[in-house]
Amino acid sequence: MVRVLRDLLRFNRQFALGAALLMVVIAVAAASAFSPYSPNDSYVVAPDMPPGWTYPLGTTSRGQDVFWLASFAIRNSLLFGVSVALLSRCLSLLIGLTAGYAGGLVDRVLMSINDTFIVIPLFPILVLFYFVMRDRMSWVLLALVMAGLGWAYDARLIRSVALGLRVRDFTETAIFSGMSPWQILAQEHLPYVLPIVFATTMNNVNWSIGLEVTLSVLGFTDINTPTIGVTIYWANQYSALIAGIWWWIAFPVALVVIAFIGLFLLATSMNEYIDPRSRLERLGP
Amino acid sequence: MVVSFYPAYLLRRLGQFVLVIFIGVNLTFLITHATPIDPVEQTIAASTAFGSTSPEAIETMRQSLRELYGLEGGLPQQYLVFWKRIALGDFGPSLSAFPTPVAVLIWRALPWTAGLLCFATLLAWCLGNLLGGLAGYHRDSRLLRLAGVVAMGLHPIPYYIVAFVLLIVFGYLWPMLPISGGAQINLPRGFDLRFIASVLLHAILPAMSLVLVGMGGWFMSMRSLVSNIVTEDYVTYAELGGVARGRILRSYVMRNTVLPQVTGLAISLGGIFNGAIITEQVFGYPGIGTLLVGAVHAGDYSLVLGVATVSIVTVATSVLLIDLAYPLLDPRVNAR
Amino acid sequence: MSVLAVANLRAYYMTNAFGVARAVRAVDDVSLTVGRNEIYGLAGESSCGKSTLIRTIAAATHPPLRVVGGSVTFDFGGRRVDMLAGDVGDIRWRHLSYIMQASMSVLNPVRRVRQSFIDFAHRHIGGPMPEFLATVRAHLERLHLQPEVLDAYPHELSGGMRQRVTIALATVCRPDFIIADEPTSALDVVVQKAVLTMIREIRRDIGSSLLFVTHDLAVHANLCDRLGVMYAGRLVEEGPTADLLHAPRHPYTMHLVAGLPRIGDAAPKPDLPGAPPNLADPPTGCRFHPRCPLAMDICRQEAPAMLGDRHRVACFAVS
């Protein structure tokens with residue numbers, strides 16, 4: 001897997017670009033560790049200052065430095081997205097691999113349930129959840145719910161990889177040679193499963209951050225923790241655009257868009273790499 | 001053309017439809033009834049926060065709310081009441097628009113959402129597939145490659161941000177298009193030309209944001225499907241047979257790649273629905289998205305529950321319809 | 001008067017991905033001719049370059065496959081066509097048609113069989129549709145196929161039936177030359193016999209020349225007039241089928257023929273040491289020399305030329 005990443009980085013422009021964009025975003029997020037201000041403080045600097053030398057990205061109407069605020073915001077959004085992605089990986093892997101390897105009735109039952117979760121529109125359900133939970137809503141809870149509902153699409157992809165692996169010759173050889181299913185899974189199949197897990201993780205991070213932004217903008221999450229969505233929410237509350245404080249919204253949005261595009265490029269180039277037919281096209285017969 | 005009906009396939013699709021509704025409704029039930037929060041207490045707390053209401057009045061309120069929300073009796077009884085209401089389409093009166101029934105509010109708003117969604121989704125699907133198909137077949141075209149980069153650049157951006165940017169661009173920078181409402185407010189509703197024109201005008205921006213984001217996904221998947229299908233035996237054979245390129249593209253490539261795209265359309269409806277809801281909110285479009293958000297802010301429990309349930313049923317039904325139309329395109333359906 | 005003339009053809013797969021550049025020399029200096037009304041068989045084991053050769057002859061090359069040198073010329077009753085020149089669309093199906101491997105799904109899965117006939121043949125045969133379809137039905141009946149297959153979808157037909165329908169499709173325009181790529185390989189012997197009979201009838205009826213590729217020497221013995229044996233991208237022996245099978249001269253051909261089961265012969269068949277060479281990095285000189293029992297020093301240094309008249313061999317030890 002490390003070799004795959006290294007090859008992709010060296011030879012695939014999309015992947016390299018995606019990685020570079022992601023690095024930029026991670027660097028900004030990491031900068032939050034050095035912030036002179038706590039993210040929840042307000043009126044620590046002069047409010048409504050446009051971008052300039054003292055405040056490179058300007059300041060908000062609440063007297064916060066946009067740069068440091070954005071660094072906390074992107075850090076929290078990224079952490080949230082990654083947590084949801086990691087949590088839902090567990091479910092996706094569990095269901096996808098089980099369905100793919102077991103086959104038969106188990107596969108069909110699991111896939112029916114899977115397809116159900118793909119079809120059900122998540123947003124109204126999340127809104128309903130917020131409505132019921134109100135002030136008890138926390139990021140951990142939201143992450144758990146989203147992970148519990150958002151595994152379906154990726155589970156299907158993982159299942160198709162598992163289905164393909166199950167019928168390969170080297171699997172049968174491994175079974176006949178006496179390897180236990182766990183050994184087969186860990187030693188033989190993992191290198192094939194990891195790339196798709198990687199690609200789906202990137203996509204899932206995008207999806208969960210996107211959903212977080214959408215929910216936060218409407219005020220349906222904990223609006224006291226700065227994330228990109230929450231920042232936009234507060235900017236809207238203070239009518240930032242009408243007041244001409246465009247930098248309050250523009251920079252966090254730009255940052256998250258860079259993150260989205262970066263992750264998306266990583267996922268797409270990895271998917272293209274995995275697809276056996278496009279590999280044949282590139283490497284010949 | 002004889003349309004054969006494939007009983008096994010139909011049964012499977014209907015079964016899936018029932019399963020979706022069952023799990024979806026159970027999910028909403030779980031969220032509303034199995035959480036430690038009591039919506040009745042919430043509503044009471046919200047409405048009595050600023051005054052002093054006598055305990056008897058509060059008790060009466062509690063009783064009527066219990067009945068309204070179907071929360072009387074033990075959990076099993078609530079479960080039955082829940083299902084009965086959904087089956088009858090009766091969610092009770094809306095609290096924020098008392099005494100208008102929730103069903104009426106939803107019924108008024110649903111056509112706006114449905115219209116916007118159908119129009120934007122089909123447009124994005126057709127445009128994306130067309131461009132993606134051409135891009136996959138004519139790999140050397142610079143124009144198509146540029147189109148691909150644009151589509152791929154827009155696709156990962158969430159609907160909200162694109163809608164927001166369009167709002168700013170067309171609302172403040174170049175105010176050419178109406179940025180809120182479904183139609184001009186003072187126009188009488190009806191199927192006359194002025195009203196329809198106004199509706200279309202107001203739909204441009206919301207539809208545009210849905211199409212811009214959605215197109216990229218279809219573009220990419222169609223492009224990769226087409227570049228795979230051109231290596232299929234029947235395409236190679238048609239080329240060996242000297243069949244005209246245009247014919248190969250239409251009849252051999254597109255006809256076969258459109259099949260997984262139709263399945264993809266069914267799968268993505270849930271996500272598109274999410275996008276439509278948030279886009280409506282940005283543009284003040286009078287669909288069920290705006291209804292939902294308003295309901296949450298107003299603390300209108302019945303309305304939120306109603307919209308959530310109707311969303312599930314609507315999406316499930318749309319998926320079923322697409323699934324039922326699929327055999328018309330793919331004659332191999334029952335063989336699978 | 002040869003219908004097909006291939007001269008010094010070279011076609012390589014050139015790939016460059018992830019920093020690795022490779023040239024797989026699938027067809028390396030092949031020359032052969034096929035005459036009128038003649039069935040020429042091409043034999044050899046898997047990955048010897050047979051499929052690449054016929055794909056190049058049919059001008060069906062896609063990157064990364066590229067023609068690096070040589071020429072392919074057809075002569076259809078006076079009309080000469082250079083296959084490598086570019087636009088050969090109008091001779092396709094009318095003069096040159098193609099039969100693919102039975103296991104491949106060459107018919108459009110979402111259209112009825114009838115539509116494939118229309119797509120491929122109508123522009124050549126022409127005429128109003130009912131007349132055209134009547135011609136097609138007559139053709140099918142002549143080949144002992146039921147005209148009802150026209151109304152079926154490909155997945156509704158069995159593998160053997162599909163192959164016979166494909167052969168009917170390939171011959172409906174009465175082409176001068178037919179290229180057949182392993183048409184019997186994925187079929188059971190009963191259907192194989194039907195397919196071979198069909199091909200013989202076609203040859204008798206239309207008089208097409210055939211370039212027939214299969215690894216199965218028994219089929220070659222049954223059907224072909226002349227036989228060419230390929231090894232590692234090169235022709236090593238060529239001649240009348242009877243000559244090659246009764247008196248093979250190249251060591252590789254001798255090995256192939258010796259491996260054929262014969263009734264009454266219970267002796268174990270000898271094995272050839274080694275493995276087919278890697279075409280990206282082939283052996284120097286004669287490509288067979290690492291496995292050849294007759295290998296000499298010169299075999300390592302120079303590639304032998306095809307010498308002979310009707311029966312040609314490329315081997316230093318034999319010529």
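## Sheets, helices and chain contacts in a predicted model

In chain C, 8 strands build an open sheet with mixed pairing, in the order β6-β7-β8-β3-β9-β10-β12-β11; helices (H or I, at least four residues) and strands (E, at least two) are DSSP runs numbered from the N terminus, and two strands pair if DSSP finds at least two bridges between them. The edges of this sheet are β6 (96-99) and β11 (307-308) of chain C, each of which has a single partner strand, so one side of each is left without a neighbour in the sheet.

The model is predicted, so that local features need pLDDT of at least 70 and side-chain atom pairs count only at pLDDT 80 or more, while totals for chains, interfaces and linings use all residues. Residues are numbered from 1 along each chain as its sequence is written, and chains are lettered from A and ligands numbered from 1 in the order in which they are written.

Within the mixed sheet, strand β10 (residues 234-240) and strand β12 (residues 312-313) of chain C pair in the antiparallel sense over 2 bridges, and E238(C) has R312(C) in β12(C) as its bridge partner. Strands of a sheet pair through backbone hydrogen bonds, either parallel or antiparallel.

A further open sheet of chain C has 4 strands in the order β2-β1-β4-β5, with antiparallel pairing. Here β2 (20-35) and β5 (79-82) of chain C stand at the edges with a single partner strand each, so one side of each is left without a neighbour in the sheet. Neighbouring strands of this sheet are turned by 10° against each other on average, direction ignored. Strand β4 (residues 65-76) of chain C pairs with β5(C) in the antiparallel sense over 4 bridges, and V81(C) in β5(C) is the bridge partner of F74(C).

The helices that lie on these strands are listed below, with contact meaning that C-beta atoms, placed from the backbone, lie within 7 Å; axes are lines fitted to C-alpha atoms, for helices over the stretch in contact, and angles run from 0 to 180 degrees between N-to-C directions.

| Helix | Strands touched or crossed | Angle |
|---|---|---|
| α1 (residues 50-57) of chain C | β1 (2-17), β2 and β4 of chain C | about 70° with β2(C) |
| α1(C) | β3 (39-43), β7 (177-181), β8 (209-213) and β9 (226-231) of chain C | about 150° to β7(C) |
| α8 (residues 251-258) of chain C | β9 and β10 of chain C | about 110° to β9(C) |

Chain B has 12 helices and 0 strands, and its C-alpha atoms fill a box of roughly 90 × 55 × 40 Å, taken along the principal axes. Of its 336 residues, 41% are buried, a residue being buried if 20 or more other C-beta atoms lie within 10 Å of its own, exposed if 12 or fewer, and partly exposed in between, with C-beta atoms placed from the backbone. Among contacts in chain B between residues at least 6 apart in sequence, 72% join residues at least 24 apart.

Chain B gives 41 residues to its contact with chain A, which gives 33 residues. Among the elements of chain B that give two or more residues to this side are α1 (7-33), α10 (245-283) and α12 (301-325). Towards chain C, 19 residues of chain B are in contact with 19 residues of chain C.

In chain A, helix α12 (residues 246-274) has 29 residues that should span 42 Å at 1.5 Å a residue, the expected span being 1.5 Å times one less than the number of residues, and its end C-alpha atoms are 42 Å apart, which agrees. Of the 29 residues of α12(A), 23 are buried, so this helix is largely enclosed by the rest of the structure.

Terms used
Two residues are in contact if their C-beta atoms, placed from the backbone, lie within 7 Å.
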